[in-house]
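Reader: I would like to learn how to read contacts, cores and pockets in a model. Please take one case and go through it in steps.

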Amino acid sequence: MAQGNPSHYVKLTKEQAPVDVTPGELNQPVQIPQLHVRTCYECGQSLPASYEPPADEAWSTGIFGCAQDPESCWTGLFCPCVLFGHNLESMREEIPWTNACVCHVICVEGGIALAAVTAIFHGYFDPNTLRLLGEGLLFAWWICGIYNGLFRQELQKKYHLQDSPCDPCMVHCCMHWCALCQEHREMTAHLSDNAVMALTVVNPPPVQEMKADRNTKHEMPSSSSSSSSESGDALPRSTNLEIQPL
C-alpha cells in the first residue's frame with residue numbers, strides 16, 4: 001500500500017484487551033426519523049413537520065354564554081380553582097385536578113385576598129409599600145393570565161378553534177371566569193361527541209332444516225321400482241346356450 005494513503009483498518013492482536021458487551025446491547029431498536037411522519041387523516045399523504053392545521057373552527061358557545069351551563073357557571077363563580085382543575089385534568093390526564101386547584105388557589109384567590117386586605121387597610125401601609133404590593137399583584141395576575149392562556153391555546157390547537165374574542169392570554173387576563181366556563185363547556189361538548197354510541201344487536205334467524213313430506217317418502221320406492229323395471233326391459237335377455245364337443 002502506498003505511503004501517501006495510510007490504511008484505515010485496525011490490526012487486531014492477541015494483546016488487545018477484551019471488550020465487555022452488555023447482553024442485549026447490540027439488539028436495540030434503531031430509530032428512523034423518516035418512518036415517523038405526520039400523515040393526513042383523509043388522504044394519508046405525508047405532511048411536513050412545520051405543518052399546522054388551520055384554526056378556523058368556531059367555539060360551540062360564546063364567551064358570555066355562561067347561562068347555558070348553570071352548574072359550571074356557579075362553580076366558576078364561587079370556586080374557579082375547582083373548575084380550572086377539572087379542565088386541566090380533562091386535557092392532561094397525568095396531572096391530577098387537585099394539584100392544579102391548589103396552584104390556582106395560591107396564585108389567583110391568594111392574590112385577590114391580598115389585594116382586598118391591602119385595599120381595606122391601606123391607611124396602615126406606607127405609600128411605597130402599597131405601590132410595591134400593587135405592582136406585585138399586577139405581575140402575578142399577568143403571569144396567571146399567561147399560564148391559563150397557554151392552556152387555552154392548547155385546547156384551541158386540539159380542536160382547531162379560532163381566537164375568540166381575542167388572544168388566549170388576553171382573554172384570561174380580562175375575562176378569566178368567563179373563559180374558564182367557556183373552556184369547560186367546549187370540552188364537555190367535544191367529549192359528548194366522542195362518546196361511544198349504543199350498538200343495536202341484531203340476532204340471526206333460527207336455523208332452518210329441510211324436511212321431506214310423507215307423500216314424497218311413499219312415492220320414492222314406487223319410483224325406484226319402476227325405474228329398475230324399465231332398466232331391466234332395456235337390458236338384453238340372456239339365453240341358455242350349451243357348447244358340445246364334436
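Author: This is a predicted model. Start with a single residue and list what it reaches beyond its own stretch of chain. L88 touches I95, A100, Y147 and F151, once residues up to four places away in sequence are not counted.

Reader: Which core residues, L88 included, touch the most other members?

Author: In the largest nonpolar core, which has 14 residues, these are F84, L88, M91, F151, L155, Y159 and M187. The elements that give two or more residues to this core are α2, α4 and α6, the last spanning 176–193. With four residues, α2 gives the most.

Reader: What does the secondary structure of the whole chain come to?

Author: Seven helices and zero strands. Read from the N terminus, the order is α-α-α-α-α-α-α.

Reader: What share of the chain counts as buried, and how is its surface made up?

Author: Of 246 residues, 19% count as buried. The chain exposes about 20100 Å², and carbon and sulfur atoms supply 61% of that area.

Reader: How much of the contact set comes from residues 24 or more positions apart?

Author: Take the contacts with a separation of 6 or more; residues 24 or more positions apart account for 64% of them.

Reader: Is C81 buried or exposed, and why?

Author: C81 counts as buried because its relative accessibility is 11%, and the cut-off for buried is under 20%. C81 lies in helix α2. Leaving aside neighbours within four places in sequence, C81 is in contact with C101, H104, V105 and E109. As for distance, C81 and V102 are 21 residues apart in sequence and 7.3 Å apart in space, C-alpha to C-alpha.

Reader: How is empty space found, and how much lies in the second largest pocket?

Author: The general idea comes before the case. Rolling a probe the size of a water molecule over the atoms shows where empty space is left. In this model, the second largest pocket holds about 170 Å³ of space.

Reader: Which residues lie nearest the centre of that second largest pocket, and which helices supply its lining?

Author: The lining has 13 residues, and F84, C103, H104, C107 and Y147 lie nearest the centre. At least two lining residues come from each of α2 (80–91), α3 (97–120) and α4 (127–159). The most come from α3, with six residues.

Reader: What classes of residue make up the lining of the second largest pocket?

Author: Ten are nonpolar, three are polar and none is charged.

Definitions and conventions: Residues numbered from 1 in each chain as written. Predicted model: local features only at pLDDT ≥ 70, side-chain atom pairs only at ≥ 80, totals over all residues. Heavy atoms only, no water. Buried < 20%, exposed > 50% of the residue type's maximum accessible area, 1.4 Å probe, protein only. Contact = heavy atoms within 4.5 Å. Areas by Shrake-Rupley, 256 points an atom, 1.4 Å probe, with all protein chains shown as cover. 1 Å grid on protein atoms, 1.4 Å probe; cavity = no way out; pocket = protein on both sides within 12 Å on 5 of 7 lines; lining within 4 Å. Points joined across faces, edges and corners; volume = space filled by probe spheres on them. Nonpolar A, V, L, I, M, F, W, Y, C, P; charged D, E, K, R; others polar. Core = buried A, V, L, I, M, F, W, Y, C linked by side-chain atoms within 4.5 Å.
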